[in-house]
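Q: I am new to this structure and would like a close look at a single part of it. Please choose one region, describe its residues in turn, and then set that region against the whole.

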Amino acid sequence: MLAAIRSVTSHPGQIFMSVPKESMPALLNTSTVQLSAREPQVMENVARAE
């Protein structure tokens with residue numbers, strides 16, 4: 001999360017995210033991804049660079 005925040009502040013027009021290889025199957029199969037109520041809010045704020 002910190003890397004995403006730093007990336008947004010360093011490159012305002014771009015967002016770079018790194019994902020461990022082990023997490024890729026879960027990301028590709030959205031039915032297994034469980035986010036807390038707060039996580040989508042945080043991700044939205046990161047995307048907006050807030």
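A: Glu44 is a good place to begin: this residue is partly exposed, with a relative accessible area of 40%. The model is a predicted one, and the values below are computed from it. The side chain of Glu44 meets that of Arg48 in a salt bridge, with a distance of 2.3 Å from N to O. The structure holds 1 salt bridge.

One step back along the chain is Met43. This residue is found in helix α3, which covers residues 38–47. Its relative accessible area is 47%, and because partly exposed covers the range between 20% and 50%, Met43 counts as partly exposed. Asn45 is also found in helix α3. For Asn45 the relative accessible area is 25%, so by that range Asn45 is partly exposed as well.

Next, consider what this part of the chain faces. Met43 and Ile5 are 38 residues apart in sequence, yet their C-alpha atoms are 9.9 Å apart in space. Asn45 and Ile5 are 40 residues apart along the chain, with a C-alpha separation of 9.4 Å. Ile5 thus serves as a reference point for two residues of this region.

Met43 and Ile5 also belong to a nonpolar patch on the surface, together with Met1, Leu2 and Leu35. The accessible area of these five residues together is about 510 Å². One of the patch members, Met1, lies in the segment before α1, a helix that spans residues 2–10. Met1 has a relative accessible area of 57%, and this residue is called exposed because the value is over 50%.

Now the setting. The protein has 3 helices and 0 strands, and read along the sequence the pattern is α-α-α. Of its 50 residues, 8% are buried. The accessible surface of the whole protein comes to about 4400 Å², and carbon and sulfur atoms account for 60% of that.

Last comes the confidence of the prediction. The average pLDDT for the protein is 76, and 80% of the residues score at least 70. Confidence is highest in α3, at a mean of 86, and lowest in helix α2 (residues 24–28), at 72. The helix that holds Met43 and Asn45 is therefore the one with the highest confidence. Where pLDDT is low, predicted coordinates should not be read in detail.

Definitions and conventions:
Residues are numbered from 1 along each chain as its sequence is written. Side-chain values use heavy atoms; hydrogens and water are left out. Helices (H or I, at least four residues) and strands (E, at least two) are DSSP runs, numbered from the N terminus. Buried means under 20% relative accessible area, exposed over 50%, partly exposed in between (1.4 Å probe, protein chains only). Patches are made of residues with over 30% relative accessible area and no salt bridge: like charges are joined within 9 Å, nonpolar side chains (Val, Leu, Ile, Met, Phe, Trp, Tyr) within 5 Å. Accessible areas come from the Shrake-Rupley method with a 1.4 Å probe; for residues, only the protein chains shown count as cover. A salt bridge is a side-chain nitrogen of Lys or Arg within 4 Å of a carboxyl oxygen of Asp or Glu. pLDDT is the predictor's confidence in each residue, from 0 to 100.
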